[in-house]
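Please look at the model below before reading on. The report then goes through it part by part.

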Amino acid sequence: MEFFAEILISVLLVCGGIFGLVGSFGLVKLPDQMTRLHAPTKAATLGVGGVLMASMAWFAFFGDQPSWHELLITLFLFMTAPITGLMLAKAHMHLSWHPDELPHCGRDHDWATYGNSADRSLLDARDEAGSQRDHHE
Amino acid sequence: MIRRIFPHPYLSALLVLIWMLLVNRFAWGSLVFAVILSIAIPALTEPYWPDRARLRNPLKILTYFLLVIWDIVVANIQVALIVLFKPNRKLQPAWITVPLDLRSPEAITVLAGTITLTPGTVSSDLSQDGHALLVHCLHAPDPESIISDIKSRYEARLKEIFE
């Protein structure tokens with residue numbers, strides 16, 4: 001029984017390691033920023049997941065008591081990984097994409113990243129400063 | 001009165017559960033502290049989340065969760081194969097627009113998170129009126145099928161859970 005448990009844990013660890021490695025390799029290999037975003041958000045998730053499952057199995061078979069922390073790590077990972085991805089994508093859209101290059105969202109509105117509803121006051125203040133400067137010149 | 005103490009009952013229940021899992025072994029003292037946290041944290045964060053999330057069908061969350069886990073495993077293998085064996089010049093990355101039928105902000109958040117976690121897609125932005133999601137695909141020879149996949153597989157189920 002112990003022997004099979006050890007084999008199961010080893011297989012999970014090796015699988016997790018392979019997926020982590022593939023995720024890192026994707027960072028090097030894929031051609032541009034947006035495609036590179038895909039490799040770590042996916043492959044690394046299962047890489048971490050494999051290690052966590054191995055850890056749970058180890059505590060279940062050899063530890064003093066079952067461990068629940070791995071479930072929490074999974075939950076926190078599921079909640080934070082999409083937010084990191086969204087932030088990176090938005091920063092990249094601001095830096096290197098023009099709104100015209102993206103597909104249109106179907107109505108008169110723009111994508112929220114390029115919209116000015118959130119910080120209209122900031123934008124207005126900057127416009128006024130700009131027009132004043134033009135005036136002086 | 002009870003609504004004043006628990007503005008977000010599901011959040012409170014989740015906080016108790018998370019605290020008990022963090023402590024990792026049962027003790028009445030930690031349960032009391034978990035209840036204190038489950039009252040304090042929703043009260044402190046209520047100004048940022050004024051609306052109450054409505055769940056029409058909480059039991060379906062479990063099947064949705066299992067479906068997403070399964071899809072994440074499949075997605076990982078697909079993405080790993082693309083990364084390892086597909087040359088960059090054959091890759092067809094694409095932006096797609098997914099029109100949304102969902103209206104509740106919580107449901108749209110869950111949908112966007114699910115899209116980011118599953119097959120070669122990252123949700124990148126929401127339209128200003130909240131009626132469409134901008135999604136980037138790693139390899140999309142047929143964008144229409146990806147849109148209909150997202151709508152039938154995830155959005156329909158979320159609509160049953162939330163609306």
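The text below covers two annotated spans, a nonpolar core and the contact between chains.

This is a predicted model, in which local features need pLDDT of at least 70, side-chain atom pairs count only at pLDDT 80 or more, and totals for chains, interfaces and linings use all residues. Residues are numbered from 1 along each chain as its sequence is written, while chains are lettered from A and ligands numbered from 1 in the order in which they are written.

In an unreviewed entry, UniProt lists two stretches of chain B as "transmembrane region". Such annotations may be inferred rather than shown by experiment. The table describes both; helices (H or I, at least four residues) and strands (E, at least two) are DSSP runs, numbered from the N terminus.

| Span of chain B | Distance between end C-alpha atoms | Helix | Strand |
|---|---|---|---|
| Residues 12-41 | 8 Å | 87% | 0% |
| Residues 61-85 | 36 Å | 100% | 0% |

The largest nonpolar core has 39 residues. Such a core is a set of buried Ala, Val, Leu, Ile, Met, Phe, Trp, Tyr and Cys residues joined through C-beta atoms within 7 Å, where buried means that 20 or more other C-beta atoms, placed from the backbone, lie within 10 Å of a residue's own. Elements of chain A and chain B each supply at least two residues of this core, among them α1 (2-29) of chain A and α6 (143-162) of chain B. The most, 6 residues, come from α5(B).

Between the chains, 38 residues of chain B are in contact (C-beta atoms, placed from the backbone, within 7 Å) with 43 residues of chain A. On the chain B side, α4(B) provides the largest share, 8 residues.

Conventions: Buried ≥ 20, exposed ≤ 12 C-beta atoms within 10 Å, placed from the backbone. Contact = placed C-beta atoms within 7 Å.
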